[in-house]
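Colleague: Could you take me through one part of this model in some detail? I'd like a close look at the ligand sites, and then whatever you can tell me about the helices and loops.

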Amino acid sequence: MSNINIKLPSLKDAKKRTKTPITIHRDSYDISESLKNLGVNRKYYLRTYGCQANERDSETISGILNEMNFIKTDNYEDADLLIFNTCAIRANAENKVFGEIGQLKRLKVKNPDLIFAVCGCMVQEEVVVEKIMKTYDQIDLVFGTHNIHRLPLLLQNTMLSKERTIEVFSKEGEVIENLPVNRFNDYKAWVNIMYGCDKFCTYCIVPYTRGKQRSRLIQDIIEEVNELKEKGYKEITLLGQNVNAYGKDLDMEDGFALLLEEVAKTKIDRIRFATSHPRDFSIKMIEVMKDNKNIMPFLHLPVQSGNNEILKLMGRGYTVEHFKMLYDKLKESIPNIAFSTDMIVGFPNETREQFEDTLKLVDYCKFDFAFLFIYSPRVGTPAAKMEDNIDESEKSKRLKELNERVAKYGNINNQKYLNKIVKVLVDGKSKKNDQVYSGYSEENKLINFTGTNINEGDIVDVYITEIRSWSMNGKKVN
Ligand code: SAH
Ligand code: SF4
Ligand code: F3S
């Protein structure tokens, strides 16, 4: 296959931050009739890896493909178009994608007209695109995180030219409102409030794959939330890599607290947000959470490490003492608040003592849940230049130890719900047992329960009868 339509990424360009103001496009997004015909009698299969930003991007990709008359299928064997929306956060996330691309090569043999596309954060890295070009002949189309809106044209190019198309922009795009969206859930929705990230934590690839921070305007966000509410949505999650920095690029002071207050006024039942950064988390934010009952008493606040030297090497911009101060104030103001966090073990040069500081922080904060990761060097980031000098077995040992410590508190924290009633937004029936329903409480606890007259999307009262570390069982109260 010759490569005639090629625009390659560059992490070096992606790193640049300019003061050029971002234009917000509000014109309607039109797809021409000829492009709309491309999908007639064709099916697409879309697989999403990574975080909620990617989930939400996939809803846009799906919305565009639906407008082009493609039909969604959950069976890749049937598909005429395969799209993998990928994640670059750790090496194992990437290896998984390459493994699956390898496996699906056989589909091309069965159907030579099949178009196989890869998009998302991975292809913002030149090493990945080079590898695809060299080794993965089965890939026909590569596009990045900044040009999803160009999908119809890129598909046309690939289908008509029968040549491989690669178009990845390293410089962030403008904010484009009005892109089509096919939401994958009828009562819980993701709402982007900002794109990109300017924090440049030393281990993290996201500021390179997602570009500089661009906030959407408050009125656009509120309009979207109101529309969702009118359609019957019960819960929204405001999305950004660092939501507490919302509005900084629009010269707003404490923009996220302000935005959250406005969103609360829409009276939508449940408001969540992800992800918060301890550095930008303001005291005003705590007040807004406390004063608005439709803001859920749950906070995902990634700490990464319980040791100040490691936090400094990570470039996180806060200390353990600052994190504990926020934690204490939140607990004091919102006594029923539940917490989750992210932590990394085995950062370069992390000593046993420094790791033990992370265990101590877990003892202090007693998180309800934590996502734990082994440090993974990402080419192009400052940490990747530090020596990755802790051996794999030691990293795994630390991960296991931390996991056990977190699990202990998961269970202890849940005990307080025994014989109490919690409010659950019903997700549906359990996969294992169709007599059992599941959903999440306001505190983001997974609840499995029985009862009658239960519908997906209802908010019901559930009496808790049994506690587990990561879930609870109960009965619906009639
Ligand atoms: N914007 C969010 C996190 C996005 S990435 C925040 O700042 O909290 C999700 C998590 O992946 C991070 O919190 C971190 O714990 C982990 N992570 C990111 N880069 C990593 C790397 N190179 N190795 C291991 N874990 C990493
Ligand atoms: Fe990555 Fe840090 Fe930005 Fe989170 S805040 S996305 S960890 S650079
Ligand atoms: Fe992964 Fe990109 Fe999200 S790297 S975690 S999909 S922003």
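Modeller: Here is a walk through the two ligand sites, followed by some helix packing and two loop residues.

Keep in mind that this is a predicted model. Let's begin with ligand 1. There are 15 residues around ligand 1, and the ones that come nearest are Q241, P302, Q304, D342 and S376. Three of those also turn up in polar contacts. Q241 uses its backbone: a polar atom there sits 2.6 Å from a nitrogen atom of ligand 1. Q304 uses its side chain instead, where an N or O atom is 2.7 Å from an oxygen atom of the ligand. With S376 we are back to the backbone, since a polar atom of S376 lies 2.8 Å from a nitrogen atom of ligand 1.

How much of ligand 1 does the protein cover? On its own, ligand 1 has 540 Å² of accessible area, and the protein covers 89% of that. As for who supplies the shell, the elements giving two or more residues to it are strand 16 (338-345) and strand 17 (369-374). D342, one of the residues that come nearest, falls within the range of strand 16. Sorted by character, the shell around ligand 1 has 7 nonpolar, 4 polar and 4 charged residues.

Now for ligand 2. Around it you'll find C197, K199, F200, C201, Y203, C204, V206, P207, Q241, H277 and R316. That shell splits into 7 nonpolar, 2 polar and 2 charged residues. If you spotted a familiar name, that's Q241: it is listed around ligand 2 and is also among the residues that come nearest to ligand 1.

On to the helices, starting with a run of three. Helix 13 (residues 320-333) packs with helix 14 at an angle of about 15°, and their axes are 11 Å apart. Angles under 35 degrees count as roughly parallel, so that is the label for helix 13 and helix 14. The crossing of helix 13 past helix 14 is right-handed. Helix 14 (residues 352-365) then packs with helix 15 (residues 392-415), again at about 15°, with the axes 10 Å apart. Helix 14 and helix 15 are therefore roughly parallel as well, and helix 14 passes helix 15 in a right-handed crossing.

There's another pair earlier in the chain. Helix 9 (residues 218-230) and helix 10 (residues 255-265) have axes 10 Å apart and meet at an angle of about 30°. That pair therefore also counts as roughly parallel, and helix 9 crosses helix 10 in a right-handed way.

Last, two backbone details in loops. D254 is in the loop between strand 13 (235-239) and helix 10. Its phi is near 50°, which is a positive value in a residue other than glycine. The other detail involves T275, in the loop between strand 14 (270-274) and helix 11 (283-291). A cis peptide bond joins A274 to T275, with omega at about 5°.

Key
Residues numbered from 1 in each chain as written. Chains lettered and ligands numbered in written order. Predicted model: local features only at pLDDT ≥ 70, side-chain atom pairs only at ≥ 80, totals over all residues. Heavy atoms only, no water. Near = heavy atom within 4 Å. Polar contact = N/O pair within 3.5 Å; in protein donor to acceptor, adjacent residues only side chain to side chain. Areas by Shrake-Rupley, 256 points an atom, 1.4 Å probe, with all protein chains shown as cover. Helix = DSSP H or I, 4+ residues; strand = E, 2+ residues; numbered from the N terminus. Nonpolar A, V, L, I, M, F, W, Y, C, P; charged D, E, K, R; others polar. Axes fitted to C-alpha atoms, helices over the stretch in contact; angles between N-to-C directions. Parallel < 35°, antiparallel > 145°, perpendicular 65-115°, else oblique. Left-handed = near helix turned anticlockwise from the far one by under 90°.
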